[in-house]
Amino acid sequence: MESTHSEKDVKGVVHYFCHHHSLKPRAVTPKNKYQQLTPLLYVFLVILALSSVRQIATGVNPMMFMMDFMGVFFIVFGLLKLIDLKGFVDGFQAYDLIAKRYRIYGYSYPFIEIGIGALYLLGIMFLWQNILVVILTSIGIYTAYKSINQENEIRCVCLGTLFDLPMTWVTFFENTLMLLMVIFMIIM
């Protein structure tokens, strides 16, 4: 594929792109707000179904369900980001507080998510792990809130670049739900 344009990154390095790629965050072209969120709904339903497997096999245990939900959630979201890691990092830098300053954080973020998810699924729950999730979800809540209130049409890369999702209140709610679950787990 032949490059159609070039752009400089924040360090002044020139990158060459074909017509549908860019360093700049892509504005979301709204089809229908609900249609755009359909992939997120499907991923959430798959996570919910996979999280329920142990509940079906061993009986209902709310703490175990939350650990399974968090584990599957982090692993699925982390793996989806790895499909196009560079694209994820480029999009993530557009709105994440830490990734804006430290690009390496963007590259490590999916692996952090997968590691946290694996610990939850293994039934291991360290205080530092829960504190890390509190920090990550708090940053996500702040970022989503800031983006939504400034009415910036930012592409949310929470599911990587595979899906074209807008930053909406759903992103805010998703992070808030995770924060509440981890706070509950810390208290218990």
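Read along the sequence, this predicted model follows the pattern β-β-α-α-α-α-α-α-α-β-β-β-α, which amounts to eight helices and five strands. The protein has 188 residues, and 41% of them count as buried. Among the contacts in the protein with a separation of 6 or more, 58% join residues that stand 24 or more positions apart. As for the outside, the protein exposes about 10,700 Å², and carbon and sulfur atoms supply 68% of that area.

From the surface we can turn to the interior. The largest nonpolar core has 40 residues, and those with the most contacts inside it are M70, F74, F77, F92, Y120 and L159. Two or more residues of this core come from each of the helices α2 (38-58), α3 (62-82), α4 (85-93), α6 (103-121), α7 (127-149) and α8 (169-187), and also from the strand β4 (158-161). The element that gives the most to this core is α3, with nine residues.

One of the residues named above, F92, can be followed further. Which residues is F92 in contact with, once its neighbours within four places in sequence are left aside? They are A99, Y105, G106, Y109 and V157.

Aromatic rings also deserve attention in this model. A search of the whole structure finds 16 aromatic pairs. In one of them, the ring centres of Y105 and Y109 lie 5.6 Å apart and the ring planes stand at 70°; because planes over 60 degrees apart count as edge-to-face, the pair is edge-to-face. Y105 and Y109 are four residues apart in helix α6, so about one helical turn separates them. Both Y105 and Y109 are buried.

A second pair is formed by W169 and F172, whose ring centres are 5.2 Å apart and whose planes make an angle of 80°, so this pair is edge-to-face as well. Both residues lie in helix α8, where W169 and F172 are three residues apart, about one turn of the helix. Are W169 and F172 buried or partly exposed? W169 has a relative accessibility of 45% and therefore counts as partly exposed, and F172, at 22%, counts as partly exposed too, because buried means under 20% and exposed means over 50%.

Finally, aromatic residues can also come together in a group. F44, F65, F69, F73, F74, F77 and Y120 form one aromatic cluster, and of these, F74, F77 and Y120 were already named among the residues with the most contacts inside the largest nonpolar core.

Notes. Residues are numbered from 1 along each chain as its sequence is written. This is a predicted model: local features need pLDDT of at least 70, side-chain atom pairs count only at pLDDT 80 or more; totals for chains, interfaces and linings use all residues. Side-chain values use heavy atoms; hydrogens and water are left out. A nonpolar core is a set of buried Ala, Val, Leu, Ile, Met, Phe, Trp, Tyr and Cys residues joined through side-chain atoms within 4.5 Å. Buried means under 20% relative accessible area, exposed over 50%, partly exposed in between (1.4 Å probe, protein chains only). Contact means heavy atoms within 4.5 Å. Rings of Phe, Tyr and Trp (its six-membered ring) pair if their centres lie within 6.5 Å; planes under 30 degrees apart count as stacked, over 60 as edge-to-face and the rest as tilted. Accessible areas come from the Shrake-Rupley method with a 1.4 Å probe; for residues, only the protein chains shown count as cover.
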